[in-house]
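Work through the exercises below with the structure open beside you. Try each task before you read its solution.

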Amino acid sequence: MNFELWLNKLSDFLVGAGIPPENGPMAALGFIFLSVTLLSLLIVILLLRRNYRSKDVQAEVSAEPVLTEAEVEAEVETETETETETIDEVVEEQETSSLEEEAPPVGKEEAIGEEIPAATLSAEEDPDSLFQRMRQGLAKTRSSLVDRMDSLMGSHTSLDGEFLEELEEILITADFGMQTTQELVQALTGRLKEIDQSEPGQLYTVLGEEIRARLKAGEPDWPTPDSGPLVIMVVGVNGVGKTTTIGKLAKQFADQGKKVVLGAGDTFRAAAAEQLEVWGERAGAEVVRHAEGSDPAAVAFDSAKAAVARNADVLILDTAGRLHTKVNLMEELKKIRRVVDREIPGAPHETLLVLDATTGQNALIQARTFQEAVGVSGIALTKLDGTAKGGIVVAISSQLDLPVRLIGIGEGVADLRPFDADEFVAALFANN
């Protein structure tokens with residue numbers, strides 16, 4: 001009865017698959033017969049294979065020579081000597097390996113999902129080398145701005161209205177922004193009499209002076225709290241490089257001999273805390289973290305407690321990336337500020353907004369919104385080496401009156417540089 005039941009089910013399945021109903025029972029029997037035949041054939045093959053393998057083993061055993069007692073003893077002695085030599089070699093290799101592992105690693109740092117560059121900030125690094133690195137980092141902006149100005153000057157016999165109109169277009173393309181561009185062109189118009197048209201390089205000098213006048217650089221030193229650690233809260237939207245900036249900054253502080261604590265307040269992004277912990281290990285900084293999805297303000301509270309208890313010099317708080325248009329998320333940042341201020345009066349002493357230079361004018365919008373919401377005190381502008389729109393540095397500084405404290409001009413730790421307005425202008429117009 002059971003067989004008939006299964007036969008009927010199989011027949012119904014095959015009919016559903018397209019077999020004519022009248023041929024269903026016959027097709028089901030054929031399918032069963034074919035399955036049994038294939039299974040039997042597989043069993044036969046396995047048995048034959050096992051039989052052949054047994055015969056091969058027996059042949060190998062029978063082919064081995066029969067040793068005398070003396071030959072067996074001699075072979076045992078030889079094997080013992082060989083094993084001793086092998087053990088000595090292994091021990092020597094292990095000792096050598098241990099010594100190599102104890103030596104400090106040189107220049108190799110890794111993070112989750114990315115390689116952390118090996119370069120470190122050195123106070124004794126050649127200033128010419130630092131300037132060249134800045135110049136290389138601004139190569140795309142130079143190409144967009146200076147190279148196009150060279151072409152423009154070569155195609156005009158005079159610095160007339162048409163020339164200034166085309167210059168305005170070049171500045172806007174380099175993301176100086178409409179407001180800053182108009183200010184620069186207006187200033188140049190008033191100073192054209194200072195420029196000798198037979199000396200085109202004078203135009204770069206005058207433009208550089210006007211750009212420099214609109215740049216507001218951060219103080220060379222970080223704030224000095226009356227008591228407790230320096231607290232830096234890092235904010236910004238998703239994907240701008242907040243965690244990497246924090247890691248590089250922590251490494252730089254650690255290289256100066258400062259004790260650093262990192263607060264993993266980005267509890268929403270997957271692996272954010274793990275990435276920060278890798279940076280913390282490299283910098284020798286303690287990382288305070290909670291489970292994923294925890295309240296960021298609670299992380300900030302514990303981080304502040306830990307920094308005070310361990311007499312840390314610097315506490316850097318990471319925060320979750322958020323759209324600057326989300327009011328409730330911006331309110332969360334205000335809550336973090338209140339919590340930290342309650343534990344360390346006056347904190348955070350620096351609210352650092354990280355912006356991606358490649359986003360252009362959108363970075364300006366972000367800066368304005370964050371400034372209104374949480375009182376941004378300084379800007380860290382990342383990925384400046386990856387954009388032809390370096391004019392955004394001038395736009396942010398000029399329109400928002402915010403100091404650009406740090407700029408990222410490369411992947412190395414030392415490529416997160418304190419912003420120097422004079423150096424920026426000099427690197428932008430070098431050799432012109």
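The exercises that follow move from salt bridges to backbone geometry, then to helix packing and a surface patch.

This is a predicted model, in which local features need pLDDT of at least 70 and side-chain atom pairs count only at pLDDT 80 or more, while totals for chains, interfaces and linings use all residues. Residues are numbered from 1 along each chain as its sequence is written, and side-chain values use heavy atoms, with hydrogens and water left out.

**Exercise 1.** Find the elements that hold E183 and R214, and decide whether each residue is buried, partly exposed or exposed.

Solution. Begin with the contact itself: the side chains of E183 and R214 form a salt bridge with an N to O distance of 3.4 Å (a side-chain nitrogen of Lys or Arg within 4 Å of a carboxyl oxygen of Asp or Glu). Next, place the partners: E183 belongs to helix α7 (residues 178-191), whereas R214 sits in the loop between α8 (201-213) and β3 (230-235), so that the pair, 31 residues apart, links distant parts of the chain. Helices (H or I, at least four residues) and strands (E, at least two) are DSSP runs, numbered from the N terminus. Then turn to accessibility, where buried means under 20% relative accessible area, exposed means over 50%, and partly exposed lies in between (1.4 Å probe, protein chains only). E183 is partly exposed because its relative accessible area is 28%, and R214 counts as buried because its value is 19%.

**Exercise 2.** Compare where the partners lie in the salt bridges K334 with E331 and D356 with K383.

Solution. In the pair K334 and E331, the closest N and O atoms are 3.1 Å apart; both residues lie in helix α12, and because they are 3 residues apart, about one helical turn separates them. The salt bridge of D356 with K383 also has its closest N and O atoms 3.1 Å apart. This second pair links distant parts of the chain, with D356 in strand β7 and K383 in the loop between β8 and α14, 27 residues apart. D356 is buried, since its relative accessible area is 7%, while K383 is partly exposed at 33%.

**Exercise 3.** What is notable about the phi angles of K383 and D401, and which peptide bond joins A347 and P348?

Solution. Although K383 is not a glycine, its phi is positive, at about 60°. D401, likewise not a glycine, has a positive phi of about 55°, and D401 is found in the loop between α14 and β9 (404-408). The bond joining A347 and P348 is a cis peptide bond, with omega about -5°, and P348 is in the loop between α12 (327-343) and β7 (350-356).

**Exercise 4.** Describe how helices α9 and α10 are arranged.

Solution. The axes of α9 (residues 242-255) and α10 (residues 272-283) come within 9 Å and cross at roughly 15°. Axes are lines fitted to C-alpha atoms, for helices over the stretch in contact, and angles run from 0 to 180 degrees between N-to-C directions. The two helices are therefore roughly parallel (angles under 35 degrees count as such).

**Exercise 5.** Is L47 buried or exposed?

Solution. L47 lies in helix α2 (residues 24-63), and because its relative accessibility is 54%, L47 counts as exposed.

Key
Parallel < 35°, antiparallel > 145°, perpendicular 65-115°, else oblique.
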